[in-house]
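Please work through the exercises below with the sequence and the 3D model open side by side. Each one gives a task and then a solution in steps.

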Amino acid sequence: MIHFVNVPITLDAAAGEDSPKTITGLAVPWFPVSATVMDGTKVAFQRGAFDLNMKAPKLLENHDMSALRGVVSSLADMPEGLGFTATFAKTGAASDAIELVKAGAYDSVSVGAVPTKFKYDKNGVMVVSQADLIEISLVAQPAFKDALITEIAASEPDATEPTPIDSEEEPEVATQENPVVEVEASIIPTTPIYATAKREFVMPSAAEYISAAFVGGDKWREMSEGLRAAAPNVATADIPGVLPIPIVQPVYNNFIGRRPVIDAIGAKAMPQGGKVFIRPEVTTHTSIAVQSAENAALQSGTFVVTDNQVTKAAYGGYVTLSEQSIDWSQPEIIGLILDDMGRIYANQTDDVAADNLKTGATTTRAFTAASATDPSYWSSWVGGAATTILTASNGNSPTHLFLSPDYWSVLLSLSDTSKRPLFPQVGPMNAFGNLTPGQPSGVAFGLSVVVDRNFADNTIIVGDATGYEIFEQMKGALSIDVPSTMSRTIAFRGYLATLMIDPSKFVKAAMA
């Protein structure tokens, strides 16, 4: 908790039947006004740092919770600072405190607050932007010479005006030339830091120390505070043995195990048995024709199903961990390794699927790279490819447009004659599709766009996804202990196979 004496302050007391019941004034001046608390910390509060609807703070004397004198009944956010009204309780001690205010003995107030959000400027001033106000105290010694009670009204006027008491120090103001610089605060203050005018402290003799301990009360408290303030500073360089080195979790891994081609095509289940399995395909179709005459023979035909043989391939990797690395790591190393293996496996298998798709697409159509920035050329080329697929693959139509990143960027940049994006993110009427840089997918020319970094540059393929098949059996992780070396070997593996079952459903760009 920070106990902070305000700058400058005026308090008024409302007249009552017997004695003043309330006082009003400025509790905290706003930044750039600052004060130095007992431990040497300079503190300033930004406007809006306090919740005006908080639970009513206490009215105390000298920050002593055993010296309750009332409650703070209202708070106000004013241009110069936090205004307040405090109501005294109907107790003898509260009446005594009122008399001390009237006499000028208590000529200022101080706040007790716990900062919950703060920064430091380059001069080391703690600039508090959010704090819990715990109490407002009547104090006799302000940290600033203007922190004085200048008016007080009573049921009967005093014979003489109380004389304002000047303090010895001027307010410390942080100028606009010192911008606030963010500093991570590892510990939020919770113990009291008393804000009083700083005075030179003379170290006590042994007799003075024992005497103060015997007397106790305020005398012992003042000596204890003085000893704490006069004690040598301890910096982090002096205590390396008790400073922990925390780890911020989770562990950052920038490798994205995305599988655009496999996700677009879809992976089929792979048979459990055998290294090779059969994928049947109709290669010769039956014949149908008009009957030439009554009782004439119908059209003869045949039907052939070929046996496409698909060979499984295993993909995987392993690492060997010492038992110490497993037992002592935090966060636990096995989980991190398995996560990374899963990402790398996904990328590797997608790379295989992308390469085999491009290799298996044997039908080509010339594409002039110099015309790639012309939207009409793209429309003509995609339309021609779709026509080729429709006629060569027995009536099938394309569903996807597969692209390498370089030609995806070309599509993103296409615009019409009015400089409007050809594939806008927010789709107006009659748009050719929608593409966004933040998502490697979308629609262009009515086809689902599949962008894969595993495609080689200059890859453009229009096709029907049903003509290319992917089979996979994900095996996952395998762990084996190695007692002789006190280690554990962890592997991650799976089976993958691809089949270009109908190359007539794809047209690949031949760059010219």
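The exercises go from the whole chain to salt bridges, a helix, the nonpolar cores and unusual backbone geometry.

The model is predicted, so that local features need pLDDT of at least 70 and side-chain atom pairs count only at pLDDT 80 or more, while totals for chains, interfaces and linings use all residues. Residues are numbered from 1 along each chain as its sequence is written, and side-chain values use heavy atoms, with hydrogens and water left out.

**Exercise 1. Describe the protein chain as a whole.**

Step 1. Begin with secondary structure, where helices (H or I, at least four residues) and strands (E, at least two) are DSSP runs numbered from the N terminus; the protein chain has 8 helices and 25 strands.

Step 2. Turn to burial, where buried means under 20% relative accessible area, exposed over 50%, and partly exposed in between (1.4 Å probe, protein chains only). Of the 512 residues of the protein chain, 38% are buried.

Step 3. Consider contacts, meaning heavy atoms within 4.5 Å: among those in the protein chain between residues at least 6 apart in sequence, 72% join residues at least 24 apart.

**Exercise 2. Locate three salt bridges and describe the surroundings of their partners.**

Step 1. Apply the criterion, which is a side-chain nitrogen of Lys or Arg within 4 Å of a carboxyl oxygen of Asp or Glu; a search of the whole structure finds 10 such salt bridges.

Step 2. Examine Glu 469 and Arg 279, whose closest N and O atoms are 2.6 Å apart. This pair links distant parts of the chain, since Glu 469 lies in strand S23 (residues 468-482) and Arg 279 in strand S14 (residues 276-284), 190 residues apart. Glu 469 is buried at 4% relative accessible area, whereas Arg 279 is partly exposed at 26%.

Step 3. Move to Lys 102 and Glu 99, which form a salt bridge with closest N and O atoms 3.4 Å apart. Both lie in helix H1 (residues 92-103), 3 residues apart, or about one turn of the helix. Lys 102 counts as buried at 13% relative accessibility, and Glu 99 as partly exposed at 41%.

Step 4. Look at Asp 339 and Arg 343, whose side chains meet in a salt bridge of 2.9 Å, N to O. They are 4 residues apart in helix H6 (residues 333-360), and are therefore separated by about one helical turn. An α-helix has 3.6 residues a turn, so residues three or four places apart point the same way.

**Exercise 3. Which residues of helix H7 are buried, and what covers them?**

Step 1. Check the geometry: H7 (residues 375-392) has 18 residues and reaches 26 Å from its first C-alpha to its last, close to the 26 Å expected at 1.5 Å a residue. The expected span is 1.5 Å times one less than the number of residues.

Step 2. List the buried residues of H7, which are Pro 375, Tyr 377, Trp 378, Trp 381, Val 382, Gly 384, Ala 385 and Ile 389.

Step 3. Find their cover, which includes strand S17 (364-367), strand S18 (400-403) and helix H8 (405-413).

**Exercise 4. Map the nonpolar cores.**

Step 1. Use the definition of a core as a set of buried Ala, Val, Leu, Ile, Met, Phe, Trp, Tyr and Cys residues joined through side-chain atoms within 4.5 Å.

Step 2. In the largest core, of 32 residues, those touching the most other members are Phe 45, Phe 50, Phe 84, Phe 88, Leu 133, Ile 136 and Leu 138. Its largest share, 6 residues, comes from S10.

Step 3. A second, separate core of 27 residues includes Ala 372, Leu 401, Leu 403 and Leu 411.

**Exercise 5. Where does the backbone depart from the usual geometry?**

Step 1. Recall that most residues other than glycine have a negative phi, and most peptide bonds are trans.

Step 2. Inspect the prolines: the peptide bond from Phe 31 to Pro 32 is cis, with omega near 25 degrees, and the one from Gln 330 to Pro 331 is cis, with omega near 0 degrees. Pro 32 lies in the loop between S3 and strand S4 (33-36), and Pro 331 in the loop between helix H5 (323-328) and H6.

Step 3. Inspect phi: Asn 62 has a positive value near 55 degrees and is partly exposed at 30% relative accessibility. Asn 394 has a positive phi of about 60 degrees, lies in the loop between H7 and S18, and is exposed at 69% relative accessible area.
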